[in-house]
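Take a moment to turn the structure around before reading on. This report walks through some of its features, from the overall makeup down to single residues.

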Amino acid sequence: MDLRFGDSKPTDEERAAVDALLGPPESSWEGADRSDADLRWARGGREARDRRDQLLPALHALNDRVGWISEGALDYVCRRLTVPPAEAYGVATFYAMFSVRPRPATVLHVCTDLACTAAGASELCATVEARLGPESGVKVERSPCLGLCERAPACLAIRAGESARPALEDEAVQAEGGSGGAAPGDGKGKGRRGRNTLHATAVCAPATPARAIAAATAPESAPAEPAPETAVPQTGTPALTLLHRIGTVDPTSLDDYRAHGGYTALRRAFALGPAAVIREVTDAGLVGRGGAAFPTGRKWQATAAQPDHPHYLVCNADESEPGTFKDRVLMEGDPYALVEAMTIAAYATGAHRGYLYLRGEYPRALARLTHAIEQARTRGLLGDDVLGQGYAFDIEIRRGAGAYICGEETALFNSIEGHRGEPRSKPPFPVEKGLFGKPTVENNVETLVNVLPILTMGAEAYAAIGTPTSTGPKLFCVSGSVARPGVYELPFGATLGELLALAGVRDNLRAVLLGGAAGGFVRPDELDIPLTFEGTREAGTTLGSGVVMAFDDTVPLPRLLLRIAEFFRDESCGQCVPCRVGTVRQEEALHRIADRTGAAAADDIALLREVGRAMRDASICGLGQTAWNAVESAIDRLGAYE
């Protein structure tokens, strides 16, 4: 049974928002005034169906302009793109940042995830709600991790509307006199007229009630908040490989980037040729930095060898793991490095179009990457003839809208294509049939940025960093009970204790969470664990994406475990039964035993183990497979309920 919206009509403002993205409708079948020709035949259906991938940008356009998505607006989008209403409704309700019910134009997202919870986010949220009140015109929403863990607690204010000035975007635009506009779409993005930049955003971290209220009541007038020096505490250290430009180079200046070694790696890539670039990446031993640790060179080679064309490159910049913020720091502090690295990866794998799927909660990264892509295109570093080498490549940014599951590569492809962000069954694998059913290589931000030093220093020199099986440098996101939270770069093989010593771990350390919500806890007497994929695996935990969250004895462990369970329940896409039901049962059991210990909790702990095994063995993707990890490690290693 399909869904119909009846007589709901879009407002003029809603039409304007969609038309600014898709262009004016060409026939009454798309929403224009009816003409005699429209009475004789239907026009434009095939072209509209080819633009199904514009559904998510169209929903963003409405949300940015109006603040929510009405039935009339959604029906208009469906007519423009020939999408069944039920499917469009399913997509609109899939993402946390959208609303299909009326809400105020201003929404204040207050992070209540692990680092922020430990820093008093619950009290902050309650205070802000009490002071603002319902008459303020501000909706306060408790949010999953905003990727600002080094400055916890954090909040993000978003105000919709045509008159709202995007303050954070001005920061990048004014730096080099650019216009800040998005790339015109082509290929699958054909018909795109530009990116809607009408909404205003304001990041507030660390947040106090007064600062949060000020950001919520006037985000359009909030000054652009500079990235804090503490984001990279090692700034200025000569030994840095991936972070050496952050804090020393103007992230908005292409000239400054090139003066500090920028585009040297791309020139060497063109000199080597695609096959030799893949060989260098393979010989360097680079593996994925998102947690799966799959060999990057093997993935690139498999994609490049596919006879089906076109090939696509997708950069996964949707880091949503609680405690993870390294990709945000790279994108905000060194955006041209990511543009260059994506160009190299595309050249090596035979792709001519790249998609950068960016978290919707990262407004500063959006502004800086938009600016960097525009400048690179203007200077001949993107486009039809990159560096005069006869190679064509361009990048389009796609904004996510608050869905942790879209960090899974096939869920990300579905999201870009205009479907619900649900994982696909494998095989076929993305290197064979990925985005739009074509061979696709997908890497996260940190993985791609590692390609630059591989080409500039050579595979042998790169492989000499770290250990024989875990080569190169690794970024770690350190937060929680430490004196100097931030992103740290260390060679693989350094111990957990050495990392925490750099960050200044506080006294009375209770536990350390490795790998984020999908990782596991370790005890204070296990700090000699080597930070390698094989070292953490032997220790019975996981390195994951590099999350290291320290908690002292002032943080109630049961409360953290409940927050982890709530996170997985909320973020489960619901596609498979083990995850959809298991995450709910896990949270229910943890609620029951929150104030109980010993024998009284034994039955629920046994139930947790049974549910956890079922999720791990039978879930379609990594979300369900890892949802039990942190709770299991807290019970077994920390004696959380003894």
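The secondary structure of this protein comes to 28 helices and 13 strands. Keep in mind as you look that the model is predicted. Of the 642 residues in the protein, 61% are buried. How much of the contact in the chain is between residues well separated in sequence? Counting contacts with a separation of 6 or more, 75% are between residues 24 or more positions apart.

**How helices pack**

Let's begin with helix H4, which takes part in two of the packings described here. Helix H4 covers residues 55-66, and helix H1 covers residues 12-22. The axes of these two helices come within 9 Å and cross at roughly 135 degrees. An angle over 145 degrees would count as roughly antiparallel, so H1 is called oblique to H4. The crossing of H1 and H4 is right-handed. On the H1 side the contact involves Glu13, Glu14, Ala16, Ala17, Val18 and Leu21, while H4 supplies Pro57, Ala58, Ala61, Leu62, Arg65 and Val66. Sorted by class, the residues of this contact are nine nonpolar, no polar and three charged.

The second partner of H4 is helix H5, made of residues 71-81. Here the axes are 11 Å apart, and the angle is about 150 degrees. H4 and H5 are therefore roughly antiparallel to each other, and their crossing is right-handed. Which residues meet in this packing? From H4 they are Leu55, Ala58, Leu59 and Leu62, and from H5 they are Ala73, Leu74, Val77 and Leu81. The contact of H4 with H5 has eight nonpolar, no polar and no charged residues. Ala58 and Leu62 are worth finding in your viewer, since they appear in the contact with H1 and also in the contact with H5.

Further along the chain, helix H15 (residues 326-333) packs with helix H17 (residues 363-378). Their axes come within 8 Å and cross at roughly 40 degrees. Angles under 35 degrees count as roughly parallel, so H15 is oblique to H17. H15 passes H17 in a left-handed crossing. Met331, Glu332 and Gly333 of H15 touch Arg364, Ala365, Arg368 and Leu369 of H17. This contact divides into three nonpolar, one polar and three charged residues.

Here are the three packings side by side.

| Helix pair | Axis distance | Angle |
|---|---|---|
| H1 and H4 | within 9 Å | roughly 135 degrees |
| H4 and H5 | 11 Å | about 150 degrees |
| H15 and H17 | within 8 Å | roughly 40 degrees |

**Backbone details in the loops**

Now look at the backbone itself. Where does a cis peptide bond turn up? One joins Ala152 and Pro153, with omega at about -5 degrees. Pro153 sits in the loop between strand E2 (138-143) and strand E3 (155-159). Another cis bond runs from Pro427 to Pro428, and its omega is near 0 degrees. You will find Pro428 in the loop between helix H18 (409-417) and strand E8 (440-444).

A positive phi in a residue other than glycine is a further detail to look for. Thr82 has a phi of about 55 degrees although it is not a glycine, and this residue lies in the loop between H5 and helix H6 (85-92). With a relative accessible area of 36%, Thr82 is partly exposed. Tyr263 also has a positive phi, near 70 degrees. Tyr263 belongs to the loop between H11 and helix H12 (264-272). Is Tyr263 buried or exposed? Its relative accessible area is 1%, so Tyr263 is buried.

**A residue in H11**

Helix H11 itself spans residues 254-259 and contains Asp256. Setting aside neighbours within four places in sequence, Asp256 is in contact with Val249 and Asp250. Asp256 and Arg245 are 11 residues apart in sequence, and their C-alpha atoms are 9.8 Å apart in space.

**Cysteines**

How many disulfides does the whole structure hold? A search finds zero. Take Cys477: the nearest cysteine sulfur, that of Cys149, is 7.6 Å away. A disulfide needs the two sulfur atoms within 2.5 Å, so Cys477 is in no disulfide. Cys477 counts as buried because its relative accessibility is 0%. Cys315, with a relative accessibility of 0%, counts as buried too.

Technical notes: Residues numbered from 1 in each chain as written. Predicted model: local features only at pLDDT ≥ 70, side-chain atom pairs only at ≥ 80, totals over all residues. Heavy atoms only, no water. Axes fitted to C-alpha atoms, helices over the stretch in contact; angles between N-to-C directions. Helix = DSSP H or I, 4+ residues; strand = E, 2+ residues; numbered from the N terminus. Parallel < 35°, antiparallel > 145°, perpendicular 65-115°, else oblique. Left-handed = near helix turned anticlockwise from the far one by under 90°. Contact = heavy atoms within 4.5 Å. Nonpolar A, V, L, I, M, F, W, Y, C, P; charged D, E, K, R; others polar. Buried < 20%, exposed > 50% of the residue type's maximum accessible area, 1.4 Å probe, protein only.
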